[in-house]
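Q: Can we go through the aromatic side chains in this one? I have the file open.

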Amino acid sequence: MPPVPDTQAPDTQAPADTLAAPLDTTRISFIWGEGHVRLFRRSMQMASDRMAYTDLDSLIRLYEDPIVFNEESHQYTSDSIYVSIKDRRVQRANLLSNAFITIQEDSLSFDQVRGTEMVAYFDSTATLTRFDALGGASSLFFLVENDALATVNKVDSKMIYATFVDGEMERLHYYDNPHNDGYPAVQLPAEDRTLKGFRWEPERRPTSPSDVTSLVPRQSQRTAYLARPHAVFRETDIYFPGHINRIYRDIAIRDSLQVVRSREKQRIRDSLALAEALAADSLALADSLALADSLALADSLGVQADSLGLSALPDSLGTGLGFPLSAQPSDSLGVAVPHEPTKAELRAQKAQERAARRAQRAQERAARKAQRQADREARWAEEDRVYAEKQAAKEQKKLEKERARKLRMLRRLERKSQREYQRYLRYLERERRRARGQ
């Protein structure tokens with residue numbers, strides 16, 4: 001049979017491809033782990049029986065008895081935990097079902113927060129900055145007074161919200177009719193020092209990369225490979241002259257920038273180490289400068305060094321002459337030569353100033369911390385006062401209701417007795433009429 005001719009007009013133009021090019025899925029990471037999974041990072045450590053992670057949502061999912069540690073003394077547990085990663089740092093952790101946060105105060109005292117669900121937020125250093133406990137939340141906190149754990153505050157409420165500054169609790173809010181109890185720490189029984197579901201498992205924390213794997217990174221062979229000559233692409237140079245040379249040049253520029261950055265980082269580290277060493281020796285330098293000022297003043301007044309009792313002192317000014325002060329040549333005009341500080345002295349002086357500024361900042365931080373603690377105690381005292389007033393008003397209202405109820409009952413009894421008395425009178429009158437009729 002002859003072929004049937006195509007009666008349709010040929011397609012003179014191919015349709016444009018409207019579909020976007022597929023994404024490079026090799027750049028998306030997927031990680032699964034089963035059986036005694038451990039994750040180690042200097043700022044945070046995790047352990048669970050199962051783990052899953054993908055770059056699609058940047059969530060680390062921990063299942064079956066998960067536990068998270070950070071800040072040396074914080075522990076987070078739940079039936080399952082979702083850890084959110086953003087900008088290569090831990091942003092928050094969602095504790096789903098039977099959530100529990102434990103903060104160690106000492107070997108026997110632990111701050112505890114329990115809730116159906118919790119959300120914990122962290123800063124760039126993985127330090128806890130806030131947590132929200134939802135659904136039947138309970139908390140137990142040890143309050144510090146005079147550098148000692150003196151009071152225990154136990155609260156039950158529907159939701160708890162807390163914020164932290166520099167690792168210290170700043171604000172604590174309870175919602176929906178909280179029940180608050182306070183106890184002296186020394187009188188608290190051992191069974192009441194923990195909430196239901198409390199557990200402290202520091203042995204599960206991986207303390208180093210060796211706790212995660214016995215493998216160690218291999219030594220870099222980059223220097224050995226860079227020493228080898230580059231390959232020659234003769235055919236490519238014929239059809240694309242200079243292309244391979246441009247690639248080699250771009251690689252060299254990138255490597256040189258990395259070297260410059262590493263050297264700059266090393267220089268900054270060395271300068272910081274030198275500043276710390278100079279700050280440690282700043283007291284000795286201050287004594288030397290004071291001695292130099294006293295000698296200059298004595299020379300300007302025409303006073304001999306022996307009269308100051310300094311002739312037997314060694315050369316503490318760093319002149320390097322190596323003879324006593326009384327044997328040093330004096331100015332014939334009796335005028336003191338101004339002392340020109342050296343670079344080392346200037347650096348030491350700057351280091352001393354930086355150390356003084358650091359000490360002042362530390363004092364200011366301690367003062368701010370003490371002020372925050374005083375503000376918190378005042379706020380807690382005010383909250384306790386308001387709570388006591390509310391409880392007193394509630395008790396008074398309850399008494400008034402009970403009094404009104406009893407008054408209504410007495411009035412009902414009085415009305416009932418009156419009705420009974422009237423019924424008795426009517427009965428008595430009826431019997432009297434019946435007796436008269438007989």
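Aromatic contacts and surface

Q: Phe110 first: buried or exposed?
A: Phe110 is buried, at 8% relative accessible area. Bear in mind that this is a predicted model.

Q: How many aromatic pairs are there?
A: The count is seven aromatic pairs. One of them joins Phe110 and Phe198, with 5.3 Å between the centres and 50° between the planes.

Q: What kind of geometry is that for Phe110 and Phe198?
A: The pair is tilted, because an angle that is neither under 30 degrees nor over 60 counts as tilted.

Q: Where do Phe110 and Phe198 sit in the chain?
A: Phe110 is in strand 8 (residues 110-122). Phe198 is in the loop between strand 12 (179-184) and helix 1 (222-226). The two are 88 residues apart, so the pair links distant parts of the chain.

Q: And Phe198, buried or exposed?
A: Neither: Phe198 is partly exposed, because its relative accessible area is 23% and the buried class stops under 20%.

Q: Which residues make up the cluster with Phe110 and Phe198?
A: Phe100 and Trp200 join Phe110 and Phe198 in one aromatic cluster.

Q: Switching topic. What lies over the face of Tyr82?
A: Arg61 does, at 5.3 Å from the ring centre.

Q: OK, the surface now. Which residues form the nonpolar patch?
A: Tyr421, Tyr424, Leu425 and Tyr427, with about 420 Å² of accessible area together.

Q: Where is Tyr424, and how accessible?
A: Tyr424 is in helix 5 (residues 343-437). Its relative accessibility is 46%, so Tyr424 counts as partly exposed.

Technical notes. Residues numbered from 1 in each chain as written. Predicted model: local features only at pLDDT ≥ 70, side-chain atom pairs only at ≥ 80, totals over all residues. Heavy atoms only, no water. Phe/Tyr/Trp six-rings, centres within 6.5 Å; stacked < 30°, edge-to-face > 60°. Helix = DSSP H or I, 4+ residues; strand = E, 2+ residues; numbered from the N terminus. Buried < 20%, exposed > 50% of the residue type's maximum accessible area, 1.4 Å probe, protein only. Lys NZ or Arg CZ within 6 Å of the ring centre and 35° of its normal. Patch = residues over 30% accessible without salt bridge, like charges linked within 9 Å, V, L, I, M, F, W, Y side chains within 5 Å. Areas by Shrake-Rupley, 256 points an atom, 1.4 Å probe, with all protein chains shown as cover. Salt bridge = Lys/Arg side-chain N within 4 Å of Asp/Glu carboxyl O.
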